[in-house]
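Work through the exercises below with the model open. Try each task before reading its solution.

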Amino acid sequence: MTDTASSQGRTLADVEKGLDMPLQEAMVTQRAIRRLLPDPVDDDIVLRCIELALKAPTGSNGQNWEFVVVKDGAAKAELAKQNHRATSLYLGIGRRQSRGNEAMLRVIDAVQWQADHFEEIPVLVVPCLRGNHVPLVPMPPMAQSSYYGSIYPSVQNLLLAARAMGLGAALITLPLWSTTIARRILGLPASVMPCCVVPLGWPRGRYGPTTRKPVGEVVHLDRYGDQPWKG
Ligand SMILES: Cc1cc2nc3c(=O)[nH]c(=O)nc-3n(C[C@H](O)[C@H](O)[C@H](O)COP(=O)(O)O)c2cc1C
């Protein structure tokens, strides 16, 4: 399923049954897939992912989201340039800090691979929020939380839908290092905030279990610091 020949021409009908995957299986195997094939992804599959993304909650049920689906080569090339700038800086620091950490170095290699092949990614979905906050006017933490909190549940739904239908996906933010430039590339008005980018394509690799901290290590009972389930 991950070679070029078999991914070509796959339709929604071919993959939609994947959405019946057990929820737990989708959740524990949804991981960032950065190495993608250049083969096109049917628009209906992308729209189905976004349709399921829209089942997520938003603050006050505002549904103040917009999703820009980027397929145009020139727009992808400009976003690739932005991504490259940000990754060069981030990966330089990351490599120095990750010496000896093989797992982190593997992630860095994958981020580098994606940056080097960014223009070949068939589809970029850019989840956005309407109702921009005014730059230079600090938002109280609660307002920030409900503002950005109104997009990320939908992004997670999108990632899970992609995973279930066998599409590779990841949540990335580095191409948006300058939201001013990103707005210009995407034709977004100042009132619409690009929040992240989800590259979509048929995966070169496989989904698999993610590595996370044990639950007891991050759960507190009643008051922070009381961790009866730790260890
Ligand atoms: C807010 C946020 C921003 C992220 N930005 C990037 C990014 O710019 N580039 C990238 O390759 N991955 C990005 N990631 C993906 C994380 O690196 C990834 O989720 C994490 O390494 C866990 O990977 P795994 O799910 O494959 O285990 C981002 C994730 C989040 C939640």
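**Exercise 1. The ligand site**

Which atom of the ligand lies 2.9 Å from a backbone N or O atom of Thr173?

Solution. First, note the ground rules: this is a predicted model, local features need pLDDT of at least 70, side-chain atom pairs count only at pLDDT 80 or more, and totals for chains, interfaces and linings use all residues. Residues are numbered from 1 along each chain as its sequence is written, and side-chain values use heavy atoms, with hydrogens and water left out.

Step 1. The partner of the Thr173 backbone atom is an oxygen atom of the ligand, 2.9 Å away. This is a polar contact (a pair of N or O atoms within 3.5 Å; within protein, one must be able to donate a hydrogen and the other to accept it, and residues adjacent in sequence count only if both atoms are side-chain atoms).

Step 2. Add Leu171. One of its backbone N or O atoms lies 2.9 Å from a nitrogen atom of the ligand.

Step 3. Add Arg212. Here a polar side-chain atom lies 2.8 Å from an oxygen atom of the ligand.

Step 4. Turn to coverage. On its own the ligand has 630 Å² of accessible area, and the protein covers 62% of that. Such areas come from the Shrake-Rupley method with a 1.4 Å probe; for residues, only the protein chains shown count as cover.

**Exercise 2. Two side chains, two backbone oxygens**

Find the backbone oxygen that lies 3.1 Å from a polar side-chain atom of Thr87, then the one that lies 2.9 Å from that of Ser150.

Solution. Step 1. Locate Thr87 in helix H5 (residues 73-97). Helices (H or I, at least four residues) and strands (E, at least two) are DSSP runs, numbered from the N terminus.

Step 2. The oxygen for Thr87 belongs to His84. Thr87 counts as buried because its relative accessibility is 3%. Buried means under 20% relative accessible area, exposed over 50%, partly exposed in between (1.4 Å probe, protein chains only).

Step 3. Ser150 sits in the loop between helix H7 (141-148) and helix H8 (152-164). The oxygen for Ser150 is that of Ser146. At 4% relative accessibility, Ser150 is buried.

**Exercise 3. Positive phi**

Is Asn61 buried or exposed?

Solution. Step 1. Asn61 is in the loop between helix H4 (43-53) and strand E1 (65-70). Its phi is positive, about 50°, although Asn61 is not a glycine.

Step 2. Asn61 counts as exposed because its relative accessibility is 54%.

Step 3. Repeat for Asp222, in the segment after helix H10 (215-218). Its phi is near 70°. Asp222 is exposed, at 76% relative accessible area.
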